[in-house]
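The exercises below concern aromatic pairs, helix packing, backbone geometry and burial. Work through each task with the structure open before reading its solution.

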Amino acid sequence: MTRATVAVPGVRLHASQLHGSLVEPLMDSMNFLNEIANRYPNAVSFAPGRPYEGTFDSAAPARYLERYRTYLATERGMSAEEVNRTLFQYGRTKGIIPELIARSLAVDEGIHLDDLESVVVTVGCQEAMFLVMRALRVDERDVLLTVAPTYVGAVGAARTAELPTVPVADGPLGVDLDDLARSVDTLRGEGRRPRALYVIPDYANPSGVRMDLATRRSLLDAAREHGLLLLEDNPYGLFHDGSRLPTLKALDTERRVVYLGSFAKTGLPGARVGFVVADQEVVRADGSVGLLADELAKIKGMVTVNTPPVAQAVIGGKLLEHGCSLVAANRAEREVYQDNLSRLLAGLARHFPPATGVRWNRPSGGFFVVVDVPFPADDALLEHSARRHGVLWSPMSHFDPRPEARNRLRLSFSSLSPELVETGLDRLHAMVTERLGAA
């Protein structure tokens, strides 16, 4: 989809004069999907992986802000002037809520941090990804491995940081460890340096796949064997069916995992607050030893200076109100997502018997289900689906360059009411039935 150009006098730049990543198709993926949604506002949308809005409370941010203000005054012993400065002035680059993030990680994830300085609070998790990828990119030999299919924003962040990405197959358990070994050997044989593997172990975006415990332990062993860091992204881990698994970071005994966290799904998406735990040691040029988090903070200082303290305070207040447990803070949301997932899976089974050739996976949590269809699920079909049938979804080809992705689509059920899940399924059935008839 291209935007019409308007001739105006003045400077005209050629694409060749801009960063090379801007001409890559994946950089247009999010814009295209958003444009489709904007053009068809009445369509039922299974496209965005957004939180459910039915539990939003317009009074909550003011309450959270006041709760955090009280915390600074009573538990931190700050004067009124110090409280105001902390909330409304430029803040420290690493953020003002690392201690509350550390408490939350300990309560919910069993992750116990030895040093609060290993936490950098970021402008969403997207910034956290960029900081890590920029830091790991030394020269053109460096490569980031990604479990395919993967979150397009992670690949985009890597390309913007000039860090090439190489896909590793996912497999039914979340990562193909044999393919990982082959990829590492091939890259090193070519004189390249695989630095890290980006992975979403819990209900991955876009596949919905969750690694079992044995695979998590094996992946840590493989990372040690291959000399890799693991970049663990965990936005969906709390939204499960009651069977939680430890994160890679909780199992990590060698500080091999860089943990990427977000409050977009569990706190408040509009606050745009994320974080990174980077407790790996770094030996500096002068021989002194610091933390990777210190180096990330240097980059952040030149990119966003600091994460808005007021936004951090809102998240900090929500954590304090719920005993620093995001599990406790998201009980209602978890029920919505589990109910929507059950409705979606039941509806797919009702609408698409085996004879249709339509197949899908059955995740136990998260936001996404992947559907295989016996025809190309491309951008042209998506636009037809929106215009003719009033239903939106995401072509898997936006997330996965492999040929098998062409006949797959992603359904996100997180942002819909139960009634819209049912309506959307009826419309999806009509679209698929029409397409099968045409074939």
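**Exercise 1: Aromatic pairs**

The structure holds nine aromatic pairs, where rings of Phe, Tyr and Trp (its six-membered ring) pair if their centres lie within 6.5 Å, and planes under 30 degrees apart count as stacked, over 60 as edge-to-face and the rest as tilted. This is a predicted model, in which local features need pLDDT of at least 70 and side-chain atom pairs count only at pLDDT 80 or more, whereas totals for chains, interfaces and linings use all residues. Residues are numbered from 1 along each chain as its sequence is written, and side-chain values use heavy atoms, with hydrogens and water left out.

Task: classify the pair formed by the rings of Tyr236 and Phe368, and place both residues along the chain.

Solution. Begin with the geometry: the ring centres of Tyr236 and Phe368 are 5.4 Å apart and the planes stand at 80 degrees, so the pair is edge-to-face. Next, locate the partners: Tyr236 belongs to the loop between strand S6 (229–233) and helix H9 (248–251), while Phe368 is in strand S12 (residues 368–372), so that the pair links distant parts of the chain, 132 residues apart; helices (H or I, at least four residues) and strands (E, at least two) are DSSP runs, numbered from the N terminus. Then turn to burial: both Tyr236 and Phe368 are buried, where buried means under 20% relative accessible area, exposed over 50%, and partly exposed in between (1.4 Å probe, protein chains only). Finally, follow the ring pairs outward, and they link Tyr236, Phe239, Tyr337, Phe367 and Phe368 into a cluster.

**Exercise 2: Two helix contacts**

Two packed helices are described by the angle between their axes and the distance between the axes.

Task: describe how helix H7 (residues 177–189) packs with helix H8 (residues 213–226), and how helix H14 (residues 379–389) packs with H15.

Solution. Take H7 and H8 to start with: their axes come within 11 Å and cross at roughly 15 degrees, the axes being lines fitted to C-alpha atoms, for helices over the stretch in contact, with angles that run from 0 to 180 degrees between N-to-C directions. H7 and H8 are therefore roughly parallel to each other, given that angles under 35 degrees count as roughly parallel, over 145 as roughly antiparallel, 65 to 115 as roughly perpendicular and the rest as oblique. Across this contact (heavy atoms within 4.5 Å), Leu177, Leu180, Ala181, Val184 and Arg188 in H7 meet Ser218, Leu219, Ala222 and His226 in H8. By class, these residues divide into six nonpolar, two polar and one charged, where Ala, Val, Leu, Ile, Met, Phe, Trp, Tyr, Cys and Pro count as nonpolar, Asp, Glu, Lys and Arg as charged, and the others, Gly among them, as polar.

Now repeat the steps for H14 and H15, whose axes come within 10 Å and cross at roughly 120 degrees. H14 and H15 are therefore oblique to each other. Leu381, His384, Ser385, Arg388 and His389 in H14 meet Arg427, Ala430, Met431, Glu434 and Arg435 in H15, and this contact has three nonpolar, three polar and four charged residues.

**Exercise 3: Backbone geometry**

Most residues other than glycine have a negative phi, and most peptide bonds are trans.

Task: examine the peptide bond between Ala148 and Pro149, the bond between Asn205 and Pro206, and the phi values of Glu162 and Val305.

Solution. Consider the peptide bonds before the phi values. Ala148 and Pro149 are joined by a cis bond with omega about 5 degrees, and Pro149 sits in the loop between strand S3 (142–148) and helix H6 (152–160). Asn205 and Pro206 are likewise joined by a cis bond, here with omega about 15 degrees, and Pro206 is found in the loop between strand S5 (193–199) and H8.

Moving to phi, Glu162 has a positive value near 60 degrees, lies in the loop between H6 and strand S4 (165–169), and is partly exposed at 37% relative accessibility. Val305 has a positive phi near 70 degrees, lies in the loop between helix H10 (292–303) and helix H11 (309–321), and is partly exposed at 44% relative accessibility.

**Exercise 4: Surroundings of Ala223**

Task: is Ala223 buried or exposed, and which residues is Ala223 in contact with?

Solution. Ala223, a residue of helix H8, has 1% relative accessibility and counts as buried. Leaving aside neighbours within four places in sequence, Ala223 is in contact with Leu228, Leu230 and Arg256.
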